[in-house]
Amino acid sequence: MRKYILPIVFLLILGGGAGYWYLTTTAAPKVTFRTEPVSRGELVATVSASGTLEPEEVIDVGAQVAGQIIEFGVGADGKPIDYGSPVEAGTVLARIDDALYRAKAEQSKAAVRSAEQQLAQSKAKLEQADAGVEQAKANTLRADADLKQTRAKADQTDKDWARAQALKLTGSISQTEYDAAKSAYDANRAAVGVSEAALAQARAAELNARAAVTDAQAAVGTAEAAVATAQAIHQQDEVNLGYCTIRSTVKGKIIDRRVTIGQTVQSSFNTPSLFLIAKDLSRMTVWASVNEADVGQVRVGQPVRFTVDAYPGQKFDGTVSRIRLNATNTQNVVVYTVEVTTRNPDEKLLPYMTANLQFEVDRRSDALLVPNAALRYKPPPQLVASSGTGGGKPGGKGAAADKDRQGQGVVWVEEDGKVRAVPVQLGLTDGTMTEVVAGDLPPGTAVVVGEVRSNGAASADATNPFAPPRFGAGKKK
């Protein structure tokens, strides 16, 4: 008999433990609702984006000639040009070895002097040719006068010869006088031919003199062109010599120095970049990347607030100045670049910092606000009061249709250990709080955002921070 006592006791203990476990696990746990009050306050709806701080205007200073950097200039602070150096317009940034360019400039200068001498000689020859034309003109006039005089004498001897012939027939003239008249006639006729030949020769000489003038004028023109060419080459060489001194074109600050002393720069095809100068760091521009889904809510003149990792506790204000139309498409994600200008009087904001921006889409100054967690909360049917509707769908099928309508929502308030649904009309949201436009929900009302059971379990809706907002959260009225 005793051998059965121990197994019976063991079975009784086991059965009692199983019964206790069944009773404790099947009993309904006590539920405690977590609530937050409905309040009034300012609500700002924003669009988030990230971007990069850029100087408002950046000047890229390059070299237009090739050569070796032999020294840097001195900045406005009296120190050699380096990163962060302040510069004025005209400040010498660097110098390139100019030995070859200086020699070339001297060579072209000598070529200019040689061309000018050739021009002077050509002009002297032109003056000589002009004088030759004047002399030829005078010779032509004298030959013409001689021809006229000779012709006059010939006309007289023609008459004397005709008279002598007539007197010879009558015997009124001696043979000697007859022969003298004939000789004078022949001599004057020959003199006319000589004068005509002299005139023709003088005119030919005049034509030759004029041709010489034309040739001299052409030589002067050629010499003048040679001088102009030599001067242009010399001017180009002087400009290239000047390019050996790199100067700042604006007042600003060096934000990047890309060369060192002894480095050789090449400019055969592209102008090499030597210095990057920020014209005015007291004003900065944020190049923000805005998704195509949000860019419709961004407009020029819109206020923007942003933070940078360097100053996590400080917020900076800016204004949208431009929306660029040349969007980028990366893996089917379309992004637009939006420029935001901001003041930087103390120059705390540095170029190329990463900015986290909030574009202000809309604002409510005195809105009735309900936590978004209250809109996400969905009670189990056994916790819904008899006057409410189970499962978070007030109004049955009609309420289900309302739920599909934009801007409709429902919150729950505690009532005798259970919850009651309160339909509301929603407006603006900032992702944490949502504006209540209409509904029986006075300020201070405690709305349920979750529940805690006596066994320590919490409602899923209240503990899941990644649950998407319902009932059109984020939409404006």
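**Exercises: salt bridges and a hairpin**

Arg163 and Asp160 are three residues apart in helix α2 (residues 99-170), so about one helical turn separates them. This pair opens the first exercise; the model is predicted.

**Exercise 1.** Find what contact Arg163 forms with Asp160, and determine how exposed each residue is.

*Solution.*
- Step 1. Check the atoms: the closest N and O atoms of Arg163 and Asp160 lie 3.0 Å apart.
- Step 2. Apply the cut-off: a salt bridge needs a side-chain nitrogen of Lys or Arg within 4 Å of a carboxyl oxygen of Asp or Glu. Arg163 and Asp160 form a salt bridge.
- Step 3. Read the accessibility. Arg163 has a relative accessible area of 47% and is partly exposed. Asp160, at 29%, is partly exposed too.

**Exercise 2.** Locate the salt-bridge partner of Asp317, and place both residues in their strands.

*Solution.*
- Step 1. The partner is Arg305, with the closest N and O atoms 3.0 Å apart.
- Step 2. Asp317 sits in strand β13 (residues 311-323) and Arg305 in strand β12 (residues 303-308); the pair, 12 residues apart, links distant parts of the chain.
- Step 3. Arg305 is partly exposed, at 43% relative accessible area.

**Exercise 3.** Describe how strand β17 (residues 408-415) is covered and how β17 pairs with β18.

*Solution.*
- Step 1. Six of the eight residues of β17 are buried, leaving the strand mostly covered.
- Step 2. Eight bridges join β17 to β18 (residues 418-429), and the two run antiparallel.
- Step 3. Gln408 stands opposite Gln425 in β18.
- Step 4. Two residues lie between the strands of this hairpin; in the turn, Asp416 has a positive phi of about 55°.

Notes:
Residues are numbered from 1 along each chain as its sequence is written. This is a predicted model: local features need pLDDT of at least 70, side-chain atom pairs count only at pLDDT 80 or more; totals for chains, interfaces and linings use all residues. Side-chain values use heavy atoms; hydrogens and water are left out. Buried means under 20% relative accessible area, exposed over 50%, partly exposed in between (1.4 Å probe, protein chains only). Helices (H or I, at least four residues) and strands (E, at least two) are DSSP runs, numbered from the N terminus. Two strands pair if DSSP finds at least two bridges between them.
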